[in-house]
Amino acid sequence: MENPEVAVGSCSAHDDENLCSYRRHLSISQEGLLEDQLRRKLKFFFMNPCEKFWARGRKPWKLGIQLLKIAMVTVQLVVFGLSNQMVVAFKEENTVAFKHLFLKGYMDRMDDTYAVYTQTDVYDQIFFAINQYLQLPNISIGNHAYEKKGAEETALALCQQFYKRGIISPGNDTFDIDPEIVTDCLYVEPMIPLDNTIVGKHNLNFTLDFHRLVMVQLKFNLKAINLQTVRHHELPDCYDFTLRIVFDNKAHSGRIKISLDNDIEIRECKDWHVSGSIQKNTHYMMIFDAFVILTCLASLILCTRSVVKGIQLQREFVSFFLYYYKKEVSFSDQMEFVNGWYIMIMVSDVLTIVGSTLKMEIQAKSLTSYDVCSILLGTSTMLVWLGVIRYLGFFQKYNVRIFWDLRALLILTLRAALPNVMRFCCCAAMIYLGYCFCGWIVLGPYHVKFRSLNMVSECLFSLINGDDMFATFAKMQQKSYLVWLFSRIYLYSFISLFIYMVLSLFIALITDTYETVKHYQQDGFPETELQRFISQCKDLPNSGRYRLEEESSASLFCCCNGCSEHM
């Protein structure tokens, strides 16, 4: 670019302070020098860590910390994942054990079909569960116990919900019903059962009016301790189980579905003592977590400083360009100064710091927020590994040139294709939602995969990916020939539209962008004004000019005396 002549005049009240100082103190020769300094400063800013080391001997601390953080965060996640795996296994195995203990005749994998069909079976199931609860200390092979409130053990609640009034006469096609729901409960206290003593209708005074009955629920609380963690040098957790056995008669169809729901809460054990080296191992892990926090904190500080410097340099360049060339810097050029990789690293650092703090509290048995900690550590580790893509570009002159090319193609293709892909997805989503609503209302009564909007969406998404097509066609009930015929038209049209057209157009959008980016990568990308401005600086990183620039304290908008020292 050619340097235009600059007229030095007075400053108005509306002029930028930097530009005002610039007009007062700078001659044309000084402007030329400071323009070169700005180019050199911009070129240094956009160098990678290796080039910055050659230019000024600046050690790549951020790069080193990120590589160290990748290893540490991954090790931390694996250790926590193995610990969390034991927690999940303990929860699932206890739930299965409770189903076998309290549901009469239960067998594995029969949750969807477990039901009763006679009044006698309903009473048998209810009193079987109550008797199993009362005899739990004698029959359970786990370390289960009743929940205590003070010195007393909590009772089992047996509640039934029924319509307030109901006279049903299907034979005459008549009914008289008050839909208000009434709840009636009785409580069974835990006790030491005597020999041959079985709780039943005769000693509980419990009857059901099946014509009005909506639901029966048994609710009780149990406690347990997960001792398997001791073998892995971790302190055990104490568990509270809130169990609900539900007899669902809302449909009044002659089939009462039975389900057992187990709400699990992990608590800190009140009084514990473990002999051996568990405490020492726990302390070692907490020290490691503290070191991870310090590493992420250092990474957060360095990345924040780099982002702030980028914004400051952006303002400096915008002010210079506005005054010197009388042009506004485009938004895309301004965003080049905001490093998205640093933003992602900062987010991952914050998540890791919070997640590691929770993990330390969990290890100390002060908190039991396993799910929150898993989300934080899992998301942060994902972002850290995504950041590895950035580092592949630092070594394109060595033996990983092909990785750098692929990395550039991937990032540039995603960035270029994203706007068109988002617009296309919005349009396709309208068609997709239309099919979802139509399938739910028409096919829902006749197909198990269309019973709810969520199931419809999952089924259609599976069809787009070619999954489970035959089963979707085959499971359609043929009770109504009109609906069956409609289902064929519906499914064939959806599959044809989305697989052969929508999905193909979606892939074509990305492929077209990929070919464009690949062509630019071979023949050169169109230069922006920022790139053209920087390209006029021909100083190589190892030329020594950048070291002199570092020693100079002059900035673009320096005072006249400060600038003259470098003339």
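**Exercise 1.** How many disulfides does the count come to? Find the cysteines involved and place them in the chain.

*Solution.* Keep in mind that this is a predicted model.
- Step 1: Run through the cysteine sulfurs; the count comes to 1 disulfide.
- Step 2: Name the partners. They are Cys159 and Cys185, with sulfur atoms 2.0 Å apart.
- Step 3: Place them. Cys159 sits in strand 5 (residues 156-169) and Cys185 in strand 6 (residues 174-188), so the link bridges distant parts of the chain, 26 residues apart, under the cut-off of 2.5 Å for the sulfurs.
- Step 4: Look along the S-S bond. The angle about it is 110 degrees, and the link of Cys159 and Cys185 is right-handed.
- Step 5: Check exposure. Cys159 comes out at 15% relative accessibility, so it counts as buried, while Cys185, at 31%, counts as partly exposed.

**Exercise 2.** Why does Cys427 not bond to the closest cysteine sulfur? Also decide whether Cys427 is buried or exposed.

*Solution.*
- Step 1: Find the closest cysteine sulfur to that of Cys427; it belongs to Cys426.
- Step 2: Read the distance. At 6.8 Å the two sulfurs are too far apart for a bond, because a disulfide needs them within 2.5 Å.
- Step 3: Turn to the surface. Cys427 has a relative accessible area of 53%, so it is exposed. For contrast, try Cys373: with 0%, Cys373 is buried.

**Exercise 3.** Classify the ring pairs Phe90 with Tyr239 and Phe98 with Phe241, and say which parts of the chain they connect.

*Solution.*
- Step 1: Start with the overall tally, which is 25 aromatic pairs.
- Step 2: Take Phe90 and Tyr239. Their ring centres are 4.7 Å apart and the planes stand at 50 degrees, so this pair is tilted.
- Step 3: Locate them. Phe90 belongs to helix 4 (residues 61-102) and Tyr239 to strand 8 (residues 238-248), so the pair ties together parts 149 residues apart in sequence. Phe90 and Tyr239 are both buried.
- Step 4: Now Phe98 and Phe241. Here the centres are 5.3 Å apart and the planes are at 75 degrees; that's over 60, so call it edge-to-face.
- Step 5: Locate this pair too. Phe98 is in helix 4 and Phe241 in strand 8, with their positions 143 residues apart in sequence. Phe98 has 0% relative accessible area and is buried; Phe241 is likewise buried at 0%.
- Step 6: Widen the view. One aromatic cluster takes in Phe90, Phe98, Phe102, Tyr133, Tyr146, Phe220, Tyr239 and Phe241.

**Exercise 4.** Which residues have the most contacts inside the largest nonpolar core, and how many residues does that core have?

*Solution.*
- Step 1: Size it up: the largest nonpolar core has 53 residues.
- Step 2: Pick out the best-connected ones, which are Phe102, Ile126, Ile130, Leu218, Leu222 and Ile245.
- Step 3: Ask who contributes. Helix 5 (residues 119-134) gives the most, with 8 residues.
- Step 4: Look elsewhere. A second, separate core holds 21 residues, among them Phe424, Ala428, Phe473 and Val502.

**Exercise 5.** Describe the surroundings of two polar side chains, His144 and Asn131.

*Solution.*
- Step 1: His144 is in the loop between helix 6 (136-139) and strand 2 (145-146). Its relative accessible area is 13%, so His144 is buried.
- Step 2: The side chain of His144 makes a polar contact of 2.9 Å with that of Ser140.
- Step 3: Setting aside neighbours within four places in sequence, His144 touches Asn94, Phe98, Leu136, Lys223 and Ala224.
- Step 4: Asn131 belongs to helix 5 and is buried, at 9%. Its side chain reaches the backbone oxygen of Phe127 at 2.6 Å.

Conventions
Residues are numbered from 1 along each chain as its sequence is written. This is a predicted model: local features need pLDDT of at least 70, side-chain atom pairs count only at pLDDT 80 or more; totals for chains, interfaces and linings use all residues. Side-chain values use heavy atoms; hydrogens and water are left out. A nonpolar core is a set of buried Ala, Val, Leu, Ile, Met, Phe, Trp, Tyr and Cys residues joined through side-chain atoms within 4.5 Å. Buried means under 20% relative accessible area, exposed over 50%, partly exposed in between (1.4 Å probe, protein chains only). Helices (H or I, at least four residues) and strands (E, at least two) are DSSP runs, numbered from the N terminus. Rings of Phe, Tyr and Trp (its six-membered ring) pair if their centres lie within 6.5 Å; planes under 30 degrees apart count as stacked, over 60 as edge-to-face and the rest as tilted. A polar contact is a pair of N or O atoms within 3.5 Å; within protein, one must be able to donate a hydrogen and the other to accept it, and residues adjacent in sequence count only if both atoms are side-chain atoms. Contact means heavy atoms within 4.5 Å.
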